[in-house]
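Student: I'd like to go through the labels used for this model and ask how each one is earned. Could you show me the structure?

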Amino acid sequence: ACDAAESAGVERVGLSGGVAYSLPVVRWVDGMVRDRGLSLRCHTRVPAGDGGISAGQAVAGGFLL
């Protein structure tokens with residue numbers, strides 16, 4: 001992800017999915033991202049795992065109604 005961000009000129013890398021619930025993993029990824037001069041973005045308003053998928057489905061369903 002860091003390579004892709006740097007190639008695209010992007011300064012932020014996102015972390016999502018169920019793995020984003022693991023604080024040790026988030027800290028490890030954050031360290032790698034920061035070492036490359038980039039910043040990590042994680043969920044703050046929506047759950048990172050299946051709850052986020054459900055939230056997205058609810059939003060999409062709302063647009064269809």
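Tutor: Happily; this is a predicted model, and we will take the labels one at a time.

Student: Why is the contact between Arg36 and Asp3 called a salt bridge?

Tutor: The N to O distance between their side chains is 2.4 Å. The cut-off is 4 Å between a side-chain nitrogen of Lys or Arg and a carboxyl oxygen of Asp or Glu, so the pair qualifies.

Student: What does that pair tie together?

Tutor: Arg36 sits in the loop between H2 and strand E2 (39–41) and Asp3 in helix H1, so parts 33 residues apart in sequence are tied together.

Student: What makes Asp3, Glu6 and Arg36 a network?

Tutor: Salt bridges link them: besides the pair with Asp3, Arg36 meets Glu6 at 2.7 Å, N to O.

Student: How do you know whether Asp3 and Arg36 are buried or exposed?

Tutor: Asp3 has a relative accessible area of 52%, and exposed means over 50%, so Asp3 is exposed. Arg36, at 36%, falls between the 20% and 50% limits, so Arg36 is partly exposed.

Student: Where do Arg34 and Asp30 lie?

Tutor: Both are in helix H2, four residues apart, about one turn of the helix. Their closest N and O atoms are 2.9 Å apart, within the 4 Å limit, so this is a salt bridge too.

Student: Which helices supply at least two residues each to the largest nonpolar core?

Tutor: That core has 11 residues, including Cys2, Leu15 and Val29. Helix H1 (2–8) and helix H2 (23–35) each supply at least two, and the largest share, three residues, comes from H2.

Notes:
Residues numbered from 1 in each chain as written. Predicted model: local features only at pLDDT ≥ 70, side-chain atom pairs only at ≥ 80, totals over all residues. Heavy atoms only, no water. Core = buried A, V, L, I, M, F, W, Y, C linked by side-chain atoms within 4.5 Å. Buried < 20%, exposed > 50% of the residue type's maximum accessible area, 1.4 Å probe, protein only.
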